[in-house]
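Subject: Structure handover

Hello,

Here is the structure we spoke about. Please open it first, then read my notes below.

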Amino acid sequence: MSRKYIKDKISVVIPIYNEGKNISILVNNIINELKNKNYEVIIVDDGSDDGSIEEVLKIAQKNKGIKVIQKMNDKGLTQSIKFGLQTISGDIFIVMDGDGQHDPKDISKMFNVIKQNDLVIGYRDLTKIMSIGQFRKKISIFFNKFVNLLLGTNLIDPLTGFFMGKTKILKKNFFDLSNDGFKVLIDLIHANKNKIKISEIEINFKKRKFGKSKLDSRVAFSFFTQLLSLSTFGIFSSKFIGFIIIGSIGLLVHLSVFFLLYSFELSFLISFFISTFIATINNFFLNHYFNFYIYTKISSLKLIIIALPKYFLITLPGSISSISSANFIHSEYNTVIIFPALIGIIIDITFKYYLSKKWVWKN
């Protein structure tokens with residue numbers, strides 16, 4: 001079924017999380033910029049607790065063009081944007097950040113260019129902008145090159161979060177990509193397989209006035225797994241890839257502890273049991289911090305006394321299967337210990353991913 005939309009209407013999608021001091025300024029500036037056009041501004045909130053929603057609702061009471069979506073689950077920047085894009089009614093859409101770094105005055109420049117294109121990307125001149133630090137500039141330049149290589153494109157700044165497009169390019173395969181990375185533009189370009197006409201214009205990338213950037217090691221990990229997911233043509237989700245990466249770290253921990261204990265002449269079963277226990281704790285905390293952090297916001301105390309025991313309980317079948325399989329292969333076939341150990345660990349990781357995703361870090 002093809003999408004239905006209103007011709008010459010502009011739909012602006014803005015994902016937010018704790019942007020209470022920035023969002024009202026941004027929305028009012030967008031309203032002023034689009035006052036002579038048919039528009040809607042869709043704010044998708046990802047569970048803010050700093051008054052962001054209250055600020056937006058004040059504006060929405062006075063302006064019917066402002067719509068607010070408050071998500072209760074399926075959290076994450078990419079999913080928020082995709083959710084918002086599925087609700088738009090305009091034939092032109094815009095995606096921009098809610099932190100005030102994207103200038104609404106650039107919307108008019110994009111609108112003049114979109115008529116001859118399918119997608120217009122607002123790029124940052126990373127060689128001269130002063131609103132971000134040198135380290136972040138270098139990281140952005142590096143990953144821009146990596147993304148271009150992956151997508152087969154030659155874009156100046158595919159990592160920008162500010163772009164305008166025609167609704168017709170929002171196809172089902174774009175929404176079907178189950179990625180949790182923070183750059184939805186990459187998914188959009190990948191889904192259209194270079195069959196769309198893209199133009200880029202330089203934007204005024206401003207310095208954030210309030211709050212701190214949400215770019216940290218966890219977001220970087222999410223972005224990295226998003227790229228790996230796209231390299232598999234979306235066959236494996238970014239979340240599963242992240243679980244496998246952490247599981248690989250857990251594998252090293254598991255084997256290291258196992259061989260250490262086994263070298264002290266503990267039995268195979270006891271050594272494997274203890275190493276499974278330690279690796280499970282390792283995987284729990286790494287997954288909680290890097291892979292599922294957007295789903296679970298609990299105190300350190302609850303994390304230890306509630307979430308960790310729950311993780312052990314939910315993943316117990318995997319641990320039992322792992323230990324039983326490894327011990328059976330070792331005792332029955334008397335093979336090299338690394339082989340049954342690896343078989344057991346693979347079974348353990350598979351169980352842990354599907355069960356913990358469903359019940360421990362459910363969104």
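Phe268 is buried, because its relative accessibility is 5% and the cut-off for buried is under 20%. This comes from a predicted model, as does everything below. Tyr262 is partly exposed, at a relative accessible area of 29%. The two rings pair up: the centres of Tyr262 and Phe268 lie 6.4 Å apart. Their planes meet at 80°, so the pair is edge-to-face. Both residues belong to one aromatic cluster, together with Phe258, Phe259 and Phe272. Across the whole structure, the search finds ten aromatic pairs.

A nonpolar patch sits on the surface. Leu260, Phe264, Leu266 and Ile270 make this patch, which covers about 390 Å². Leu260 lies in helix H9, residues 238-263. Leu260 is partly exposed, with a relative accessible area of 47%.

Now the overall picture. The protein has 363 residues, and 53% of them count as buried. The secondary structure comes to 13 helices and seven strands. Take the contacts between residues at least 6 apart in sequence: 80% of these join residues at least 24 apart. The exposed surface is about 18000 Å², and carbon and sulfur atoms supply 61% of it.

Next, the interior. In soluble globular proteins, nonpolar side chains tend to be buried together. The largest nonpolar core here has 33 residues. Which of its members touch the most others? They are Val12, Ile14 and Met96. Several elements each supply at least two residues of this core: strands E1 (6-16), E2 (38-45) and E4 (90-95), and helices H1 (20-33), H2 (52-62) and H4 (106-114). A second, separate core has 32 residues, including Ile81, Ile88, Ile121 and Phe175.

Look at Val12 in detail. Beyond its neighbours within four places in sequence, Val12 is in contact with Ile30, Leu34, Glu40, Val41, Ile42, Ile94 and Met96.

Ile16 is also worth a look. Ile16 lies in strand E1 and is buried, with a relative accessible area of 3%. Setting aside neighbours within four places in sequence, the contacts of Ile16 include Ile23, Ile43, Val44, Asp45 and Gly98. Ser48 is another contact of Ile16. Ile16 and Ser48 are 32 residues apart in sequence, yet their C-alpha atoms are 7.6 Å apart in space.

Then turn to helix H3, residues 77-85. Why is H3 described as largely enclosed by the rest of the structure? Seven of its nine residues are buried, so the description follows. The buried residues are Thr78, Gln79, Ser80, Ile81, Lys82, Gly84 and Leu85. What covers them includes E1, E2 and E4, along with helix H6 (172-176) and helix H7 (184-191). Ile81 appears again here: it is one of the residues of the second core.

Last, the charged pairs. The search of the whole structure finds eleven salt bridges. Three of them, and one network, are set out here:

- Glu55 and Lys58 meet in a salt bridge at 3.8 Å, N to O. Both lie in helix H2, three residues apart, about one turn of the helix. Glu55 is partly exposed, at 26% relative accessibility.
- Asp176 and Lys172 meet at 2.7 Å, N to O. Both lie in helix H6, four residues apart, again about one turn. Asp176 counts as partly exposed at 46% relative accessibility, whereas Lys172 counts as exposed at 62%.
- Glu202 and Lys128 meet at 3.4 Å, N to O. This pair links distant parts of the chain, 74 residues apart. Glu202 is in strand E7 (residues 198-202), and Lys128 is in the loop between strand E5 (119-123) and helix H5 (134-151). Glu202 is partly exposed, with a relative accessible area of 30%.
- Lys9, Glu40 and Lys67 are linked in a network of salt bridges. Glu40 is also one of the contacts of Val12.

The spacing within the two helices fits a general rule. An α-helix has 3.6 residues a turn, so residues three or four places apart point the same way.

Best wishes

Terms used: Residues are numbered from 1 along each chain as its sequence is written. This is a predicted model: local features need pLDDT of at least 70, side-chain atom pairs count only at pLDDT 80 or more; totals for chains, interfaces and linings use all residues. Side-chain values use heavy atoms; hydrogens and water are left out. Patches are made of residues with over 30% relative accessible area and no salt bridge: like charges are joined within 9 Å, nonpolar side chains (Val, Leu, Ile, Met, Phe, Trp, Tyr) within 5 Å. Accessible areas come from the Shrake-Rupley method with a 1.4 Å probe; for residues, only the protein chains shown count as cover. A salt bridge is a side-chain nitrogen of Lys or Arg within 4 Å of a carboxyl oxygen of Asp or Glu. Buried means under 20% relative accessible area, exposed over 50%, partly exposed in between (1.4 Å probe, protein chains only). A nonpolar core is a set of buried Ala, Val, Leu, Ile, Met, Phe, Trp, Tyr and Cys residues joined through side-chain atoms within 4.5 Å. Contact means heavy atoms within 4.5 Å. Rings of Phe, Tyr and Trp (its six-membered ring) pair if their centres lie within 6.5 Å; planes under 30 degrees apart count as stacked, over 60 as edge-to-face and the rest as tilted.
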